[in-house]
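Opening my notebook on salt bridges today. I want to look up a few charged pairs and jot down how exposed their side chains are.

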Amino acid sequence: MNVLVTGGTGFVGSHLVEQLAERGDRVTALVRSPSKAGLLSRLGVRIVSGDLHNSAALKDATAGQDVIYHVAGVIAARSEAEFLRGNRDGTAALLAAAAESGAPHFVLVSSLAAVGPARPGQPARDDEVPHPVTQYGRSKLGAEQLVQAGPLPWTIVRPPTVYGPRDAEVLKIFKLARAGIAPVFGDGSQELSLVYGPDLAAALIAATTSGPSVHKRIFCACHPEIVTSAELVRAVGRAMGRKVRLIPIPPAIGRGVLTITGTAAKLAGKATILTADKANEFFQPAWTGDPGPFIEATGWRAAHDVEAGLAETYRWYRQSGWL
């Protein structure tokens, strides 16, 4: 198949491109910084230089594609307007270019943030009424709504927390755990669903190879295992052979610190995920999703539970010099 991947130089996108290339698909990647596309070039990927607001690049990248995997997204911004421009408006531009080029299957990589937090013991399903609690979540929901209203065959995948080789976010937990101490927001009881990066890449491919059963549907793709934030940190410690002392951060203190870090970044003209708005996510009781409908529709199953995935992640961090 001819496939386009946006965000191919990123964490999830790079794993997706690798697996597509291994399948023998003809892969095109829309890349903002060609200097970061060394891995993609070695895999024989056709590189189109540009971003989601470059109409000429979008026309070139979408031409003749059978599938478009829209993985690119903004996870840190200085305002809600920046989130919307990157996640909603960028998706609109890509959809428009894709529709002009034909009728490719459009796969949007969204987020559980678009549907909002779950209730403890009740993982979110695809038929939940969305109630995003952050600017990021609202921008991803805006992208979902555009995809659903458009003319293309579509599938939306909402991953929860994603981790694995090349991930710089969970790396921060590893670095803290290496020192034997790590903070957790609240009392550590927040429930989490997770998915290992290469497993998510396989799920995205399954979303385009399983026939019409996945068309015009929204899914959560994750391992069915649910862990608490405290259990996640301890599991990171076990992967490293370390015992980790947890430091609970009460909401009042956490929100105060995040207000300070967010304000400082904004004054410096920089974007950070550590903002007061993000506190609306950090202190929710659960961010969990039900992968059952996706498993039933595609036969895909996450190959790595948390213990196995973190062990592989730690091995990659060590071998690559990240730790």
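Entry one. I started with Arg 315, which comes out partly exposed, with a relative accessible area of 40%. A reminder to myself: this is a predicted model.

Entry two. Which residue does Arg 315 meet in a salt bridge? I looked it up, and the partner is Glu 312, with 2.7 Å from N to O. Glu 312 is partly exposed too, at 33% relative accessibility. I then checked where the two sit: both are in helix α12, which covers residues 306-319. They are three residues apart, and that is about one turn of the helix.

Entry three. How many salt bridges does a search of the whole structure find? I got twelve. I picked out a couple more to look at.

Entry four. Next up was Glu 82, which forms a salt bridge with Arg 78. Their closest N and O atoms are 2.7 Å apart. Buried or exposed, or something in between, for Glu 82? I noted 28% relative accessible area, so Glu 82 goes down as partly exposed. For Arg 78 I wrote 42%, which is partly exposed as well.

Entry five. Last, I looked up Arg 88 and found a salt bridge with Asp 89. Here the closest N and O atoms are 2.8 Å apart. Arg 88 has 30% relative accessibility and counts as partly exposed. Asp 89 has a relative accessible area of 31%, so I put Asp 89 down as partly exposed.

Technical notes: Residues numbered from 1 in each chain as written. Predicted model: local features only at pLDDT ≥ 70, side-chain atom pairs only at ≥ 80, totals over all residues. Heavy atoms only, no water. Salt bridge = Lys/Arg side-chain N within 4 Å of Asp/Glu carboxyl O. Buried < 20%, exposed > 50% of the residue type's maximum accessible area, 1.4 Å probe, protein only. Helix = DSSP H or I, 4+ residues; strand = E, 2+ residues; numbered from the N terminus.
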